Amino acid sequence: MAADPIKIGVLHSLSGTMAISETTLKDTVLMMVDDINKKGGLLGRKVEAVVVDPASNWPLFAEKARELLQKEKVAAVFGCWTSVSRKSVLPVFEELNGMLFYPVQYEGEESSRNVFYTGAAPNQQAIPAVDYLMGKDGGEAKRWVLAGTDYVYPRTTNKILEAYLISKGVPKDDIMINYTPFGHADWQTIVADIKKFASAGKKTAVVSTINGDANVPFYKELANQGIKATDIPVVAFSVGEEELAGIDTKNLVGHLAAWNYFQSVDSAENDAFIKQWKTFIKNDKRVTNDPMEATYIGFKMWTQAVAQAGTTDVDAVRQAMYGQKVRSPSGYDIAMNTNHHLSKPVMIGEIQANGQFQIVNQTKAAIKADAWSPFIPESAKLTADWTFPWVCGNCAEPKYGKLK
């Protein structure tokens, strides 16, 4: 490993409102780098992580991305959590032809030539969660509260969910939508409104796209007002094991989360993943979660694609990414599709008193991500496919005409 190291960028908030979620993903990348270097590196070269802190400051994400690509000359970047941070860096990656691995569930409605999305699209998380709550096992919910943080991911996801619920015959009056700023702390009025909305005599469920540290006072207020999971279940899309580690979970028992992985998954691959993490982090109490698994999958696929291409050149690696497969900690074979999204399983987990999740529902097979939602009319006609003849992330027709 005498040649210059292969540099990769780590672009996660280590301070500010999103640090509660993102710091662990920085550590996950460092664990993967450590692991590959112990095995001899990549292309006979050492891999070196360049870590920056965009500090939950969305414009700073773009500055740090530019620094990583132009000054540090990184081969790939692993980073971002919120969609607003991803949207902030997107023009930089497209301008400089960088490669970003984005490891968090999101609202879809995007497919960039320069991003590989290793978290869930709405049809791999939001839609199945609603289906579960509508069904017999989930309590047959009839009224819906869509509660989110006020930015692009919750707003777009809720736009999709509202259209989906209406398509399933739910009247508009039975859907309540609410947004709060990042770091929101005073939930008294909103929780009282939810309680009032649920008192109409129909089974009510809350779909939560609340992000970051605002989750702590939200769940606390639910308990303060005596709302139990059996009365009004909350299914969260941004609360996993890491977030629960900072909360007294006795008030949360029975509430739900929808992800594509939980630490409680029973598989040999997961046992190895948990052991690797606890050994690396030197702390038996530290947990694993879904965005960590998505980071792990993205890193593995990137290293496989680099090995296949025989170079870190972005254009060559991008081509080699299509069809990459990883046997993931979830116990499934995960594949990268030509829309830059993965096929993943969907799992619904119920919060336990110990801060873990009991998996109450999961798909038999991995589900292919829809980059564009069929429930939004303007999106339904769009295709994302970065191979010939489409070569496009948002086309109604192939760029190069139909295959002859």
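Start by selecting Thr-28, which lies in helix 1. The model on screen is a predicted one. Thr-28 has a relative accessibility of 0% and counts as buried. Show its surroundings and leave out residues up to four places away in sequence: Thr-28 then touches Trp-277, Met-292 and Thr-295.

**Strands 1 and 2**

Widen the selection to helix 1, residues 19-38, together with strand 1 and strand 2. These three elements make a right-handed β-α-β unit. Now hide the helix and look at the two strands alone. Strand 1 (residues 6-11) and strand 2 (residues 47-52) run parallel and are joined by 6 bridges. For one of these partners, select Gly-9, whose bridge partner in strand 2 is Val-50.

**The parallel sheet**

Next, show strands 1 to 5. They form an open sheet of 5 strands with parallel pairing, in the order 2-1-3-4-5. Which strands stand at the edges? Strand 2 and strand 5 (115-117) do; each has a single partner strand, so one side of each is left without a neighbour in the sheet. Turn the view to see the twist: neighbouring strands of this sheet are turned by 25° against each other on average, with direction ignored.

Move to the strand 5 side of the sheet. Strand 4 (residues 100-102) pairs with strand 5 in the parallel sense over 3 bridges. Select Tyr-102 here, and Tyr-117 in strand 5 is found opposite.

Then add the helices that pack on this sheet. Helix 3 touches strand 1, strand 3 (76-79), strand 4 and strand 5, and its direction makes about 165° with that of strand 4. Helix 10 also packs on the sheet, touching strand 1, strand 3 and strand 4. The direction of helix 10 makes about 170° with that of strand 3.

While in this part of the chain, select Cys-80. Is this residue buried or exposed? Cys-80 is buried, with a relative accessible area of 0%.

**Helix 5**

Select residues 152-167, which are helix 5. Place a distance label between the C-alpha atoms at its two ends: they are 22 Å apart. That agrees with the expected span, because 16 residues at 1.5 Å a residue should also give 22 Å.

Colour the buried residues of this helix: Tyr-153, Pro-154, Thr-156, Thr-157, Asn-158, Ile-160, Leu-161, Tyr-164 and Leu-165. What covers the buried residues of helix 5? The cover includes helix 3 (83-96) and helix 4 (126-134), along with strand 6 (143-149), strand 7 (175-180) and strand 8 (204-209). Follow the chain just past the end of helix 5 to Gly-169, which takes a positive phi of about 90°.

**Ile-175**

Go on to Ile-175, found in strand 7. Ile-175 is buried, with a relative accessible area of 10%. Select Glu-162 as well: the two residues are 13 apart along the chain, and their C-alpha atoms are separated by 7.5 Å. Neighbours within four places in sequence aside, Ile-175 is in contact with Trp-144, Leu-146, Glu-162, Leu-165, Ile-166, Val-170 and Phe-197. Of these contacts, Leu-165 was already coloured as a buried residue of helix 5.

**The antiparallel sheet**

Now show strands 11, 12, 13 and 16. They make an open sheet of 4 strands with antiparallel pairing, ordered 11-12-13-16. Strand 11 (325-327) and strand 16 (367-368) are the edge strands, each pairing on one side only.

Look at the strand 16 edge. Strand 13 (residues 342-344) and strand 16 run antiparallel and are joined by 2 bridges. Select Ser-343, and Lys-368 in strand 16 stands opposite. Bring back helix 10, residues 290-309, which packs on this sheet and touches strand 11, strand 12 (333-336) and strand 13. The direction of helix 10 makes about 130° with that of strand 11.

**The disulfide**

End at the cysteines. How many disulfides does a search of the whole structure find? It finds 1. Select Cys-392 and Cys-395, which form a disulfide with their sulfur atoms 1.9 Å apart. The torsion about their S-S bond is about 95°, so the disulfide is right-handed. Cys-392 is buried at a relative accessible area of 10%, and Cys-395 is buried at 13%.

How values were computed: Residues are numbered from 1 along each chain as its sequence is written. This is a predicted model: local features need pLDDT of at least 70, side-chain atom pairs count only at pLDDT 80 or more; totals for chains, interfaces and linings use all residues. Side-chain values use heavy atoms; hydrogens and water are left out. The expected span of a helix is 1.5 Å times one less than its number of residues. Buried means under 20% relative accessible area, exposed over 50%, partly exposed in between (1.4 Å probe, protein chains only). Contact means heavy atoms within 4.5 Å. Two strands pair if DSSP finds at least two bridges between them. A crossover is right-handed if, with the strands pointing away from the viewer, the path from the first strand over the helix to the second runs clockwise. A disulfide is a pair of cysteine sulfur atoms within 2.5 Å. Axes are lines fitted to C-alpha atoms, for helices over the stretch in contact, and angles run from 0 to 180 degrees between N-to-C directions.
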